[in-house]
Amino acid sequence: MSKRIAPVILAGIFLFIKQKRQRAFSRSIAINRPQRHRYSCYFCYINITSKKACDIVFLIGQIHFTGFVFFAFLLEIGYMYWKLRCLNLCSWQENTRTCMSKPNFLLIGAQKSATTSISVMLSHHPDVFVVKGKEPHFFSENRQYARGWDWYMSLFSGYNGERAIIDASTSYSRTKAFPNTISRIIKHVPEAKILYSVRHPLDRMESAYVEWMSTPRFLFENTSINDMVRKKPNIIESSRYWKNISAYRKHFPDQRIKIIWFDEYVNNPDVVLADIFEFIGVDPSIIIPHSHLPIASRKSLIKKMKMSGRTTSIDTTWNRSTRQWTVEQLGNDTRQFLEWCGKPVDYWRIDPNDKAWPFNK
């Protein structure tokens, strides 16, 4: 008789322990309610196994005590296996979603080479997602990188399964000013592809000068572009296209790098956008409305400065000595870049000895 009662008593103990575990688990989940969905299948399993265990135990009341202990042991192993499988599956799904929302394309610049316009137009493609705010500068600026990976990933919270995910930050191409950029990119998004927009080096510098003069720091200064070139070495460094892209080529093969030409984009934006779409693996046949409209032009910046009450002039006229010095700084770099891209050496007319002056437009 005692052998028949023992399994029933053990079953009661077994169910009591299960209920205690369920309550303890409920309390732990209540602390972190956003993750409660992970454990829904776990709760279901507890309820089902508990009821089945009770029914089975009462049906096999005649089974020997040692046989029931072995049966309970197997049931416990099954329960533990299901719990781990459930949690690991949920964790895997979450990690997959996180990985899928990481940028797989980086628009690294150059500054004042239509990067704003290009990123806006790309964002209108239904299969392209561009990071919030356009320029997080996460991989370049230390203060942004210190905010952490979770903060950076929050900028992609609007991701909805798009094939191309783009971070457009022009500081990523300033390899001298931000030497840690590429190593951080390799650490976090090693499979990313690079988009690099470039324009006539002196045109780019003039546009950068106008933008700097529109900032509060220079709003009431009378600084010409000749003074700015000497004061701000970064204005030249951003036009060293060969030096900057060569730093990326050490880690990214050429087939993962796409050069976008500013003049070609301005003259025929639909063709250039289709070419970019093909490179990033989305439907190139989609036409973006109003792609010909400028997003951030020099005229708009000058108008902005006048509206802000600027009283000093904006002098974009080069003097002979400064322009000659600038061309000497950039000449060899630009020629190497054009040769690598398969463009004619005189595409931007870089020759310090040219009587008509270099960089002829």
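**Exercise 1. Two packed helices**

Work out how helix α4 and helix α13 sit against each other in this predicted model, and which residues make the contact.

*Solution.* Two packed helices are described by the angle between their axes and the distance between the axes. Start with those two values: α4 (residues 115-123) and α13 (residues 269-280) pack at about 65°, and their axes are 11 Å apart. Angles of 65 to 115 degrees count as roughly perpendicular, so α4 is roughly perpendicular to α13. Next comes the handedness, and the crossing of α4 and α13 is right-handed. Now pick out the side chains: α4 brings I118, M121 and L122, while α13 brings L273, I276 and F277. Sort the residues of this contact by type and you get six nonpolar, no polar and no charged.

**Exercise 2. Just ahead of α13**

Where is N268 found, and is N268 buried or exposed, or somewhere in between?

*Solution.* Look in the loop between α12 (262-267) and α13, and there's N268. Its relative accessibility is 38%, so N268 counts as partly exposed. Then check H292: this residue is 24 residues away from N268 along the chain, yet their C-alpha atoms are separated by 7.8 Å.

**Exercise 3. A strand and its partner**

Decide how enclosed strand β5 is, which way its residues point, and how β5 pairs with β4.

*Solution.* Take burial to begin with. In β5 (residues 257-261), five of the five residues are buried, so the strand is largely enclosed by the rest of the structure. Now the directions: in a regular strand the side chains alternate between the two faces of the sheet. In β5, I257, I259 and W261 point one way, K258 and I260 point the other way, and all are buried. Finally the pairing: β4 (residues 193-198) runs parallel to β5, and five bridges join them. To find your place in the pair, use L195, which stands opposite K258 in β5.

**Exercise 4. A covered helix**

Which residues of α11 are buried, and what covers them?

*Solution.* Go along α11 (residues 241-249) and count: seven of the nine residues are buried, so this helix is largely enclosed by the rest of the structure. The buried ones are Y241, W242, N244, I245, S246, A247 and Y248. Their cover includes the strands β4 and β5, plus the helices α7 (181-188), α8 (201-213), α10 (234-237) and α15 (320-341).

**Exercise 5. Zooming out**

How many helices and strands does the chain have, and what share of its residues is buried?

*Solution.* The tally is 15 helices and five strands. Of the 361 residues in the chain, 45% are buried. For contacts between residues at least 6 apart in sequence, 77% join residues at least 24 apart.

Technical notes
Residues numbered from 1 in each chain as written. Predicted model: local features only at pLDDT ≥ 70, side-chain atom pairs only at ≥ 80, totals over all residues. Heavy atoms only, no water. Axes fitted to C-alpha atoms, helices over the stretch in contact; angles between N-to-C directions. Helix = DSSP H or I, 4+ residues; strand = E, 2+ residues; numbered from the N terminus. Parallel < 35°, antiparallel > 145°, perpendicular 65-115°, else oblique. Left-handed = near helix turned anticlockwise from the far one by under 90°. Contact = heavy atoms within 4.5 Å. Nonpolar A, V, L, I, M, F, W, Y, C, P; charged D, E, K, R; others polar. Buried < 20%, exposed > 50% of the residue type's maximum accessible area, 1.4 Å probe, protein only. Pairing = 2+ DSSP bridges.
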